[in-house]
Amino acid sequence: MLTGKHVAFVGGDARQLEVIKKCIQLDATVTLIGFDNLESSFTGATKKPLTCDVLKDVDALILPIVGTDDKGMIESIFSTKSIQLSDEHVEALPEKCVVYTGMAKPYLRELLKTYSVPLKELLNRDDVAIYNSIPTVEGALMVAIQNTDITIHGSEVIVLGLGRVGMSLARALHALGAHVKVGAKRPEHIARSNEMGIDAFDLDDFKLYVSKVDIIFNTIPHLIITSDIIALMPQTAFILDIASKPGGTDFRYAERRGIKAILAPSLPGIVAPKTAGQIIANTLARLLSEQIDNQEGSS
């Protein structure tokens with residue numbers, strides 16, 4: 001239970017609603033910042049603006065999955081007002097406070113480090129990332145089907161990256177009958193792909209495998225599908241980039257060549273926000289309970 005604990009939510013999307021419900025269920029005092037246009041009301045939650053006074057007694061500050069941008073701006077689909085996390089806000093946080101987010105950009109990391117505020121990045125956890133890969137894969141398949149005129153079965157597919165999402169995606173595509181190849185850099189990822197019965201290649205040899213590709217799924221968050229690669233692809237190919245913004249594709253050159261390329265990060269929040277929110281909510285509930293136990297044990 002979170003009785004007597006103050007949890008503040010700043011911005012977010014539909015996934016955050018499940019986390020809010022969980023915290024209220026656990027008897028926390030809940031403050032919602034950046035939810036002024038939220039139509040549904042939560043008994044036990046209070047809507048407030050982002051001020052230092054609101055933050056001064058917060059036990060946990062919960063940011064969206066994407067945290068902040070490089071200037072501290074926080075996205076919220078439930079507000080038309082700009083929300084920016086600044087030095088004065090972080091300085092106002094009490095010593096006991098822990099900040100939770102999905103993934104943090106350098107701005108947020110450095111800001112919290114300056115004031116010695118603990119940061120927990122949920123997507124760095126294997127359990128969250130693996131569970132999250134399920135709605136990600138379902139969403140990726142949906143987008144691919146909507147944007148191609150061929151079946152997944154029998155198609156020539158490349159998956160770039162064999163992390164937690166890449167592995168689940170490659171396995172699902174293979175099960176659907178696609179001719180899958182995985183591009184990876186780490187020897188253990190190439191070995192794992194081969195063990196799964198899926199052909200793998202070193203990313204240094206990427207150019208050798210794109211001349212007949214139908215669909216490329218990218219999970220690598222830096223430029224990997226360059227203009228040199230795109231120039232060798234058939235014009236009918238489709239690129240789905242599910243890496244975090246700005247993705248790993250030269251979208252300008254893809255458009256110039258007439259190749260359809262879509263950046264689709266945060267698919268879980270789009271295709272299955274309730275499930276994705278429940279994954280985050282269950283993990284956060286455990287982490288908040290651990291935080292309380294640790295604080296009470298040291299007091």
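**Close-up views of a predicted two-domain model**

**Figure 1. The whole protein and its surface.** The protein exposes about 14500 Å², and carbon and sulfur atoms supply 51% of that area. Keep in mind that this is a predicted model. Count along the chain and you get 11 helices and 12 strands. The radius of gyration is 21 Å, close to the 19 Å that the globule rule gives for 299 residues, so the protein is as compact as a globular protein of that length. Along its principal axes, the C-alpha trace spans about 60 × 40 × 35 Å. How many of the 299 residues count as buried? The share is 49%. Take the contacts with a separation of 6 or more: 58% of them come from residues 24 or more positions apart. As for charge, there are 30 positive and 36 negative side chains, and the centres of the two sets lie 2 Å apart.

**Figure 2. The two domains and where they touch.** The domain assignment gives domain 1 as 6-124 + 273-297, while domain 2 covers 127-265. Nine residues from domain 1 and eight residues from domain 2 take part in the contact. From C-alpha centre to C-alpha centre, domain 1 and domain 2 lie 32 Å apart.

**Figure 3. Helix 1 and the residue just after it.** Helix 1 runs over residues 15-25. Which of its residues are buried? They are Arg-15, Gln-16, Leu-17, Glu-18, Val-19, Ile-20 and Cys-23. Just after the helix, look for Asp-27, whose phi is positive at about 75°.

**Figure 4. Thr-31, tucked into strand 2.** You'll find Thr-31 in strand 2, which covers residues 29-33. Is Thr-31 buried or exposed? Its relative accessible area is 3%, and anything under 20% counts as buried, so Thr-31 is buried. Setting aside neighbours within four places in sequence, Thr-31 is in contact with His-6, Val-7, Ala-8 and Phe-9, and also with Thr-46, Lys-48 and Val-54.

**Figure 5. Ile-198, a buried loop residue.** Where does Ile-198 sit? Its place is in the loop between helix 7 (187-195) and strand 9 (199-202). Being in a loop doesn't put this one on show: Ile-198 counts as buried, at 2% relative accessibility. Leave out its neighbours within four places in sequence, and Ile-198 is in contact with Ala-170, Arg-171, His-174, Val-180, Val-182 and Ser-193. For a sense of distance, try Ile-24: it is 174 residues away from Ile-198 along the chain, and their C-alpha atoms are separated by 45 Å.

**Figure 6. Three spots with backbone angles to notice.** Most residues other than glycine have a negative phi, and most peptide bonds are trans. Now zoom in on Ser-116, which is not a glycine but has a positive phi of about 55°. Ser-116 is in the loop between helix 4 (106-114) and strand 6 (119-121). With 65% relative accessibility, Ser-116 counts as exposed. Next comes Ser-266, where phi is also positive, near 55°. The loop that holds Ser-266 runs between strand 12 (260-263) and helix 10 (267-271). Ser-266 counts as partly exposed, at 29% relative accessibility. Finally, which two residues are joined by a cis peptide bond? Lys-245 and Pro-246 are, with omega at about 5°. Pro-246 belongs to the loop between strand 11 (238-241) and helix 9 (251-257).

**Figure 7. Glu-95, out in the open.** Glu-95 is part of the loop between helix 3 (87-92) and strand 5 (98-101). Buried or exposed? Glu-95 is exposed, with a relative accessible area of 81%. Now pick out Phe-238: Glu-95 and Phe-238 are 49 Å apart in space, C-alpha to C-alpha, and 143 residues apart in sequence.

**Figure 8. Asn-147 and its partners.** Right in the loop between helix 5 (126-146) and strand 7 (156-160), you'll spot Asn-147. Its relative accessibility is 22%, so Asn-147 counts as partly exposed. Which residues is Asn-147 in contact with, leaving aside neighbours within four places in sequence? The list is Phe-238, Lys-260 and Ile-262. Val-90, by contrast, is 57 residues from Asn-147 along the chain, with 43 Å separating their C-alpha atoms.

Technical notes: Residues numbered from 1 in each chain as written. Predicted model: local features only at pLDDT ≥ 70, side-chain atom pairs only at ≥ 80, totals over all residues. Heavy atoms only, no water. Helix = DSSP H or I, 4+ residues; strand = E, 2+ residues; numbered from the N terminus. Rg over C-alpha atoms; globule rule 2.2 N^0.38 Å. Buried < 20%, exposed > 50% of the residue type's maximum accessible area, 1.4 Å probe, protein only. Contact = heavy atoms within 4.5 Å. Areas by Shrake-Rupley, 256 points an atom, 1.4 Å probe, with all protein chains shown as cover. Lys, Arg positive; Asp, Glu negative; His and termini not counted. Charge placed at Lys NZ, Arg CZ, Asp CG, Glu CD. Domains from an automatic or database assignment.
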